[in-house]
Amino acid sequence: MKMDFFKMSGAGNDFIVIDNRLGIIDHDNCTDFVEKVCRRGVSVGADGVILITNSDKADFKWHFFNADGSEAEMCGNGARCAARFAYLKGIAGEKLSLETLAGIIHAEVLGHRVRLEMSKPHALELDIRLPIEGKEYLVNFVNTGVPHVVKFVQELENYDVQKTGKEVRFHPHFQPAGTNVNFIAVHDRSHINIRTYERGVEDETLACGTGAVAAALISASSGQVDSPVNVKTKGGSTLTIHFEKDGSDFKKVFLEGEACVVYEGQLWEEGWKS
């Protein structure tokens with residue numbers, strides 16, 4: 001058995017994208033498949049798998065899976081890749097909608113870039129004092145489709161993202177769902193640098209779209225930036241966040257950035273059976 005797929009990258013997050021409208025993969029029972037094809041060195045390797053399926057509410061529906069096989073409500077970089085994939089495959093036009101577990105998301109394909117309208121952010125909480133191993137960490141939280149902690153740091157380049165990210169990701173305060181963890185440095189009113197420990201990948205990734213949005217919104221809430229905000233990721237790409245702020249509320253939140261096709265191929269059965 002051979003399965004057609006695209007390998008795509010959204011600002012450094014890489015994904016295996018599969019047209020599953022004919023149901024070749026059982027999306028309710030595909031944890032083992034996802035884990036195996038996401039292994040680097042022995043299979044395709046990726047941060048996640050995107051299955052495109054039919055929808056009666058939008059142009060198409062997606063199922064997004066992290067590399068550990070867990071299904072996530074939303075992924076900003078993944079959604080941009082899904083949108084461009086659907087456009088390239090003739091599933092949808094340049095302006096499209098996709099059904100996610102976080103709601104209906106609207107997008108516009110602009111060449112190799114995609115502008116994505118995010119679901120309404122919620123659960124904003126500033127200045128959370130988080131005790132970890134005898135220390136107190138001051139962090140912030142917002143859900144931008146998935147849960148995100150944002151911590152301001154001064155020495156971002158040398159910060160131990162792996163250690164602190166893991167401690168915060170599994171902290172009792174954010175259970176049972178856990179959280180993604182972002183470490184950011186604000187340079188001026190329109191530029192932020194970010195590093196992200198991603199839930200589901202359980203490691204630092206080169207980029208995280210929903211994390212970049214969380215960073216911009218938290219920074220705006222603390223009065224440090226204005227829309228639009230350019231967020232430079234660990235991988236060197238820049239994501240642009242647009243939003244309207246009304247007091248502590250945000251609306252019309254957009255994420256814009258590249259969604260590149262790396263290659264198109266056929267996945268052989270031995271790539272997920274071994």
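These legends accompany close-up views of a predicted model.

**View 1. An edge-to-face ring pair joins strand β1 to strand β18.** The rings of F5 and Y263 stand 6.0 Å apart from centre to centre, with an angle of 80° between their planes, and are therefore classed as edge-to-face, since planes over 60 degrees apart fall under that heading. F5 belongs to strand β1 (residues 2-10) and Y263 to strand β18 (residues 260-268), so that the pair links distant parts of the chain, 258 residues apart. The two partners can also be described by accessibility: F5 is buried at a relative accessible area of 7%, whereas Y263, at 35%, is partly exposed.

**View 2. F141 and F174 form a stacked pair.** Here the ring centres are 5.7 Å apart and the planes meet at 20°, which is why the pair counts as stacked. F141 comes from strand β10 (residues 135-143), while F174 comes from the loop between α3 (161-169) and β12 (180-188), and 33 residues separate the two along the chain. Both rings belong to buried residues, with relative accessibilities of 12% for F141 and 9% for F174.

**View 3. F15, W62 and F64 are linked into a cluster by ring pairs.** In the whole model, the count of aromatic pairs comes to 8. W62 is also named among the residues of the largest nonpolar core that touch the most other members.

**View 4. Two arginine side chains lie over aromatic rings.** R115 is placed over the face of F254, at 4.3 Å from the ring centre. In the other example, the charged end of R169 sits over the ring of F170, at 4.0 Å from the centre of that ring.

**View 5. Two peptide bonds that lead into proline are cis.** The bond from Q175 to P176 has an omega near 10°, and P176 is found in the loop between α3 and β12, the loop that also holds F174 of the stacked pair. The bond from S227 to P228 has an omega near -5°, and P228 is placed in the loop between α4 (209-221) and β15 (229-232).

**View 6. A11 and A123 have positive phi values.** For A11, in the loop between β1 and β2 (13-19), phi is near 60°, a positive value in a residue other than glycine. For A123, in strand β9 (residues 122-132), phi is near 65°, again a positive value in a residue other than glycine. The surroundings of these alanines can be set against each other, as A11 is buried with a relative accessible area of 6%, whereas A123 is partly exposed with 43%.

**View 7. The largest nonpolar core has 54 residues.** Among these residues, I52, W62, L116 and F243 touch the most other members, and the largest share of the core, 8 residues, is contributed by α4. Once neighbours within four places in sequence are left aside, L116 is in contact with M74, G76, A79, R80, L98, I105, H106, A107, V253, F254 and L255; F254 from this list is also the ring over whose face R115 lies. Apart from the largest core lies another, of 18 residues, including C38, L51, A67 and L267.

Note on methods. Residues are numbered from 1 along each chain as its sequence is written. This is a predicted model: local features need pLDDT of at least 70, side-chain atom pairs count only at pLDDT 80 or more; totals for chains, interfaces and linings use all residues. Side-chain values use heavy atoms; hydrogens and water are left out. Rings of Phe, Tyr and Trp (its six-membered ring) pair if their centres lie within 6.5 Å; planes under 30 degrees apart count as stacked, over 60 as edge-to-face and the rest as tilted. Helices (H or I, at least four residues) and strands (E, at least two) are DSSP runs, numbered from the N terminus. Buried means under 20% relative accessible area, exposed over 50%, partly exposed in between (1.4 Å probe, protein chains only). A charge sits over a ring if NZ of Lys or CZ of Arg is within 6 Å of the ring centre and within 35 degrees of the ring normal. A nonpolar core is a set of buried Ala, Val, Leu, Ile, Met, Phe, Trp, Tyr and Cys residues joined through side-chain atoms within 4.5 Å. Contact means heavy atoms within 4.5 Å.
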